[in-house]
Amino acid sequence: MSAAQDIEKLCAKFGADVVGTKEFRGEHTICVKLGVLHDVLATAKKDFGYEMIIDISSLDHFGEDPRFEMVYELVTVDDSKHLRVKSKVSEEEEVPTCTDVWVGADWHEREVYDMMGIRFTGHPDLRRILMWEGYPFYPLRKDFPLAGRPSEMPDVAFTGIAPLEGGPFVTSPGTNDSVKREPRARVVK
């Protein structure tokens, strides 16, 4: 069975809750309403053999409503099928966790929460993963300024010295020879 056939069966099962489908260059996508997202993901694993979730990401459609879109990338272990599942989410809505379907979704959902501010209901440990606790902003949102925002950053984040400054390896960026540009041990005189 192919991903296209899986989409046909998902459309038959979930009917009006399927917003749309798309095939582009052999990649198959199904867009569903948020209310059936968890059921679609569980069905994809149980009935169609998508044993692995390789990525969970989100899109910010700033200025549109709903603002966000969740994107799930599912594959079979033998890599014979790849399925993308999408669902739109408004700023006030929470997404049901799929950690009960794939344990590996834990870190992906935490990253989406940390960078976009999308919350997951039922997540076993929804806390920040890249930014520090208490950071009030979400850096991957389109309304986040490129230069960042002033905040009370913990002092531990500032060392005063660049991490590799004075280190054992140096580079020579001005040379045309790629071998000489590679990091190498510094010659101590």
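## A guided tour of the chain

Start with the whole protein chain, which reads α-β-β-α-β-β-β-β-α-β-β-α-β along the sequence. Helices (H or I, at least four residues) and strands (E, at least two) are DSSP runs, numbered from the N terminus. The chain has four helices and nine strands. You are looking at a predicted model, where local features need pLDDT of at least 70 and side-chain atom pairs count only at pLDDT 80 or more, while totals for chains, interfaces and linings use all residues. Residues are numbered from 1 along each chain as its sequence is written, and side-chain values use heavy atoms, with hydrogens and water left out.

Turn on the surface next. The protein chain exposes about 11800 Å² (Shrake-Rupley method, 1.4 Å probe), and carbon and sulfur atoms supply 55% of that area. Of the 189 residues, 36% are buried (under 20% relative accessible area, 1.4 Å probe, protein chains only).

**Stop one: helix H2**

Select residues 37-48. The twelve residues of helix H2 should span 16 Å at 1.5 Å a residue (1.5 Å times one less than the number of residues), and the end C-alpha atoms of H2 are indeed 16 Å apart. Now colour Leu 37, Val 40, Leu 41, Thr 43, Ala 44 and Phe 48, the buried residues of H2. They cover an arc of only 160° around the axis (taken from the directions from the helix axis to the C-beta atoms), so they lie on the same side of H2. Their cover includes helix H1 (3-14) and strands S2 (27-32), S4 (68-75), S5 (82-89) and S6 (95-96). Just after H2, click on Gly 49, whose phi is positive, near 80°.

**Stop two: helix H3**

Move on to residues 105-116, helix H3. How many of its twelve residues are buried? Ten are, so to speak, under cover; among them are His 108, Arg 110, Tyr 113 and Met 116. The buried residues of H3 pack against strand S3 (52-60), S4, S6 and strand S7 (120-121). Gly 117 follows H3, and its phi is positive, near 85°.

**Stop three: the nonpolar core**

In soluble globular proteins, nonpolar side chains tend to be buried together. Here the largest nonpolar core (buried Ala, Val, Leu, Ile, Met, Phe, Trp, Tyr and Cys residues joined through side-chain atoms within 4.5 Å) has 35 residues. Select Met 70, Tyr 72, Leu 74, Leu 83, Val 85 and Val 95, which have the most contacts inside this core. H1, S2, H2, S3, S4, S5 and H3 each supply at least two residues of the core, and H2 gives the most, with five.

Finish at Leu 74. Leaving aside neighbours within four places in sequence, its contacts (heavy atoms within 4.5 Å) include Leu 41, Ala 44, Tyr 50 and Trp 102.

Notes. Buried means under 20% relative accessible area, exposed over 50%, partly exposed in between (1.4 Å probe, protein chains only).
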